[in-house]
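Visitor: Hello! Could you walk me through this model, please?

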Amino acid sequence: MKRVSCLLTAVSLAAMVIFIWYGLKTGIFYDAESLRKFIAGFGVAGALVFVIFQAVQVVFPVLPGGIGCLGGVLIYGAYKGFLYNYIGICIGSVAAFLIAKYYGRPLLHKMFSEKLQEKYEKWVDNRHFDKMFAAAIFLPVAPDDFLCYLAGTTKMRLSKFTAIILLGKPLAIAAYSFGLTTLFHFGTTMLMG
């Protein structure tokens with residue numbers, strides 16, 4: 001059973017690396033229109049592919065999450081786009097937490113800058129970490145991907161983490177999704193008008 005688990009992990013990581021390489025090469029991580037065309041190519045399964053895309057961009061935080069939020073709303077409209085963004089980001093957040101639970105602090109040192117880690121190191125030592133984490137997740141200004149990994153290195157339980165993510169993410173995702181969409185439409189109007 002352990003061999004099967006290791007094999008599935010290796011295959012999943014290889015698939016994600018290939019997907020990231022493809023995404024960087026084709027521009028789907030940087031251009032909302034390229035992302036829309038990529039997702040449209042999957043037809044009916046496009047929504048599932050988009051949700052997976054959003055989950056991957058949390059687990060591998062080198063991808064700009066704002067493009068995904070904008071893409072979701074532009075591709076699927078305000079409500080479905082928000083829902084798909086929410087589902088994918090929540091799945092990715094839980095995955096990041098579980099990965100950090102398994103690999104611990106050394107993973108953070110490999111994935112994130114020392115400056116970012118130092119900035120939030122005080123949080124881990126604070127007995128109110130859970131509340132500080134919840135507030136940061138609720139507001140769309142903190143480095144959520146990093147904080148999900150950081151939470152995984154603490155004593156926080158999966159059930160509490162999941163509750164914070166499920167309850168705290170809607171406002172932040174709505175702010176990103178609709179805020180970026182408004183800016184995108186404003187910018188498009190200014191360029192064309």
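Guide: Happily, and one definition comes up front: rings of Phe, Tyr and Trp (its six-membered ring) pair if their centres lie within 6.5 Å, with planes under 30 degrees apart called stacked, over 60 edge-to-face and the rest tilted. This is a predicted model, where local features need pLDDT of at least 70, side-chain atom pairs count only at pLDDT 80 or more, and totals for chains, interfaces and linings use all residues. Residues are numbered from 1 along each chain as its sequence is written, and side-chain values use heavy atoms, leaving out hydrogens and water.

Visitor: How many aromatic pairs does the structure hold?

Guide: Pairs are judged by the ring criteria just given. By that count, the structure holds 13 aromatic pairs.

Visitor: What kind of pair do Tyr76 and Tyr84 form?

Guide: A pair of aromatic rings is described by the distance of the centres and the angle of the planes. For Tyr76 and Tyr84 the centres are 4.9 Å apart and the planes stand at 90 degrees, so the pair is edge-to-face.

Visitor: Is Tyr84 buried or exposed?

Guide: Buried means under 20% relative accessible area, exposed over 50%, and partly exposed in between (1.4 Å probe, protein chains only). Its partner Tyr76, at 22%, counts as partly exposed. Tyr84 has a relative accessible area of 17%, so Tyr84 is buried.

Visitor: Which residues do ring pairs link into a cluster?

Guide: Tyr120 and Phe146 form a tilted pair, 5.8 Å centre to centre with 50 degrees between the planes. Both of these residues, Tyr120 and Phe146, are buried. The cluster linked by ring pairs is Phe112, Tyr120, Trp123, Phe146 and Tyr149.
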